[in-house]
Amino acid sequence: MKKEPVFQSRFEDLNCCVIVPTYNNAHSLEHFLTDLKLYTNRIIIINDGSTDGTSQILEKHPDFHQRKHLENKGKGMALKTGFMFAEELGYDYAITIDSDGQHYPDDLDVFLTELESRQAEDPELLLVGDRNMGRDGIPGKSSKGNRFSNFWFLVVTGIELHDTQSGYRLYPIKLFNSLKLITWKFELEIEVLVKAAWKKAEVKNIPIKVLYQEGERVTHFRPFWDIVRIVLLYMWFVLVSFFYIHPRNKYQDFKNKGFKRFWKEDIIKSQEPPHKKAAAIALGIFVGISPFWGIHTLLVFTLAAVFKLNKVIAFLFSNISIPPLIPFIVYASYQAGSLITGKGFDWELKLQKFDTGADVFLGLWQYIMGSFALAIVMAISLWIVFYFLFSVFNQKQVVKP
């Protein structure tokens, strides 16, 4: 009598399957599939135009659901094919796993356990395996690429993940298929994460094991072109998030909460400690005075995300550099630079003084130095003032009957 796979009943209760995209991984595929079958038979294989012995290996496993691309289309397209097929078969969730031998099939338990604990809430839950990329044995280029992706994912979504590039994931199938995805290779997995987060799905990491065997593992990730595509994708996400997603979400919050509650929870953030609220103001002032003209908005939202500060407050105070105040900021910055360079105040600032290229360069350098100095002094000063004010306000709120 054939023994039932270890997690089979759990997969059936959750109406979940496993999707395996594979391309020219014949060296590891047979062992991987043999191991995977021990845990479930709800397996969908997408052969993405493999030219090695992959097809012959898959012929030995007719019990799997299979789809084949006649030519290689990229991992993203393989995943799209897999998720469309999974929905046709009636599944609700799918766990994706790479076939290159990096992932351990017994970690399916981690995903199933998390989903089981949350299923009563009927969540749109997207789980990403956390490979602990900072530990010993992880290739440096993989770790750096992951940190880059984590940082920009935080900037465009406000969600902190420790691993955004792992292919070992659990998705709600209808959520995946509802997203308008424009990429087709490795970057699609990042696109899904960002767009799912924008749709208010819960995106979180769960710890998994990972095996890196340099020289044995075959990867189809192309360091230059795939990184270029990821960078371009994040550049687009930054623009969309800053000029549409974040403003849209704040507007929706304003409509749902009303002015008083929105002001208290989203603008003032009464639950935050005084030093963090004051730091958001100081950050806004620093960026607004700094000489990074043209990218103040991008800079303030990025830094607010990195330091986990109130983005709305930081943005509002960064607008100290609005047109009526720009001449005064430039003038004050130039005078501060003059003081730093030991020239003393130059009260009569005239264009005639900049009649050579050297004069223009020195004047610009003086302004940049003064701008940073003024930005630092003003940021520190206002942090002290608002920290005191917020502390007093919080104390009054505590003693208020």
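In the predicted model, Val-128 lies opposite Arg-169 of β6. The strands concerned are β5, residues 125-130, and β6, residues 169-172, which pair in the antiparallel sense over 2 bridges. A parallel pairing is formed by β2 and β3, over 5 bridges. Here Ile-44 stands opposite His-65 in β3. The connection between these strands includes helix α3 (residues 54-59), and β2, α3 and β3 together make a right-handed β-α-β unit.

These pairings belong to an open sheet of 7 strands, arranged in the order β3-β2-β1-β4-β6-β5-β7, with mixed pairing. The edge positions are taken by β3 (65-69) and β7 (202-207); each has a single partner strand, so one side of each is left without a neighbour in the sheet. On average, neighbouring strands of the sheet are turned by 20° against each other when direction is ignored.

Helices α2 and α5 pack on this sheet. Helix α2, residues 26-36, touches β1 (16-22) and β2 (43-48). The direction of α2 makes about 175° with that of β1. Helix α5, residues 108-118, touches β1, β4 (93-96), β5, β6 and β7. For α5, the angle is given relative to β7, and the two directions make about 135°.

The second largest pocket contains about 800 Å³ of space. Its lining consists of 33 residues, and those nearest the centre of the pocket are His-246, Asn-249, Lys-250, Lys-311 and Val-312. Two or more residues of this lining come from each of the helices α6 (140-157), α8 (188-198), α9 (223-267), α11 (296-306) and α12 (311-318). The largest contribution is that of α9, which gives 11 residues to the lining of the second largest pocket. By residue class, the lining of this pocket divides into 19 nonpolar, 6 polar and 8 charged residues.

How values were computed:
Residues are numbered from 1 along each chain as its sequence is written. This is a predicted model: local features need pLDDT of at least 70, side-chain atom pairs count only at pLDDT 80 or more; totals for chains, interfaces and linings use all residues. Side-chain values use heavy atoms; hydrogens and water are left out. On a 1 Å grid over the protein atoms alone, a cavity is a set of points where a 1.4 Å probe fits but cannot get out, and a pocket is an open set with protein on both sides within 12 Å along at least five of seven lines; lining residues have an atom within 4 Å of a point. Grid points are joined across faces, edges and corners, and a volume is the space filled by probe spheres set on the points. Helices (H or I, at least four residues) and strands (E, at least two) are DSSP runs, numbered from the N terminus. Ala, Val, Leu, Ile, Met, Phe, Trp, Tyr, Cys and Pro count as nonpolar, Asp, Glu, Lys and Arg as charged, and the others, Gly among them, as polar. Two strands pair if DSSP finds at least two bridges between them. Axes are lines fitted to C-alpha atoms, for helices over the stretch in contact, and angles run from 0 to 180 degrees between N-to-C directions. Contact means heavy atoms within 4.5 Å. A crossover is right-handed if, with the strands pointing away from the viewer, the path from the first strand over the helix to the second runs clockwise.
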